[in-house]
Amino acid sequence: MSIISVSNLSKTYPSGFTALKNINLDIKRGEIFALLGPNGAGKTTLISVICGLAVQTEGTVTVGGHDIAKDYRAARSMIGLVPQELHTDAFEKVKNTAAFSRGLFGKPRNPKHIEKVLRDLSLWDKKDSPIITLSGGMKRRVMIAKALAHEPQILFLDEPTAGVDVELRKAMWEVVRELRNSGVTIILTTHYIEEAEEMADRIGVINKGEIVLIEEKTQLMQKLGKKQLKLHLSQKLDTVPASLDQYHLELSEKKDELIYTYDTKGDRTGITTLLNDLREAGISFNDLNTTQSSLEEIFVSLVHRA
């Protein structure tokens, strides 16, 4: 069931620049959806429109059945947004800034909920610290605490680990997984491919304001992922024998490796018959290994194709 539905959405600025072109997108309740795209692709603009911070030129957006334009308060109260830029009162204490954010949405005071959010984000021991004294990673967590203070059902994370070191990034991934397990729907924009590969249930690719593809992550990897079998030869080859033409083998520059590329979604890989035919051709090898194309290679090829 969709918790967010975007239909025929376009956004053109007064200058004439079209940031979004005819976007159609449904986000399922309880999923982690990663929106991938190069800088300037329209990721932040799309989030801004869904969150009611920018007005679309055409199309409709509903959040939990509420139209973001006609029923703004109800739609917006379901959403928590962690923007790309860090916006906090530097001298405010951590606990107070989260409690204040809750009040902005007209929610009654709930110290227990604020405490739970801060504990979940490993911020409770910093609750009385001014934000200015925190590290970059901790400040990012405070932004998430602010977004969760009013108990939203949907959390938008716009480049949540930008400028965060690898160790903190992995800790953030853990936080996001726990939020999803608690029932929060998460939409994540990122240009860190491994972030999407690690966490997302589904992936959308946006380029030049248009959605290029939306796919289950595992299906995307299967559909567009290729595997390569590398055979390290016992003796160098000058050329690949004609008897092996059907396999479209590549010979490495050093002529000591044969590379066989096959489709992961095919019924048969052809590896067994290849090995038999190599033996018949008198070609022996002393090692072999397989590699699979990463989501990064798939992403680059998609954007290039688009």
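This report describes the sheet and the nonpolar cores of a predicted model.

## Basis of the description

The model is predicted, so to speak, throughout: local features need pLDDT of at least 70, side-chain atom pairs count only at pLDDT 80 or more, and totals for chains, interfaces and linings use all residues. Residues are numbered from 1 along each chain as its sequence is written, and side-chain values use heavy atoms, with hydrogens and water left out.

## The sheet

An open sheet is built from four strands in the order 2-1-4-5, with antiparallel pairing (strands, E, at least two residues, and helices, H or I, at least four, are DSSP runs numbered from the N terminus; two strands pair if DSSP finds at least two bridges between them). Strand 2 and strand 5 (66-67) are the edge strands, each pairing on one side only.

Strand 1 (residues 2-12) and strand 2 (residues 18-28) are joined by seven bridges, and they form a hairpin with five residues between them, where Gly16 in the turn has a positive phi of about 105°. Within this pair, Ser5 stands opposite Asp26, while Val6 has Leu25 as its bridge partner.

## The nonpolar cores

The largest nonpolar core (buried Ala, Val, Leu, Ile, Met, Phe, Trp, Tyr and Cys residues joined through side-chain atoms within 4.5 Å, where buried means under 20% relative accessible area with a 1.4 Å probe, protein chains only) has 40 residues. Helix 5 (residues 136-148) gives the largest share of this core, six residues. A second, separate core of 28 residues includes Leu25, Phe33, Met78 and Ile154.

Key: Buried < 20%, exposed > 50% of the residue type's maximum accessible area, 1.4 Å probe, protein only.
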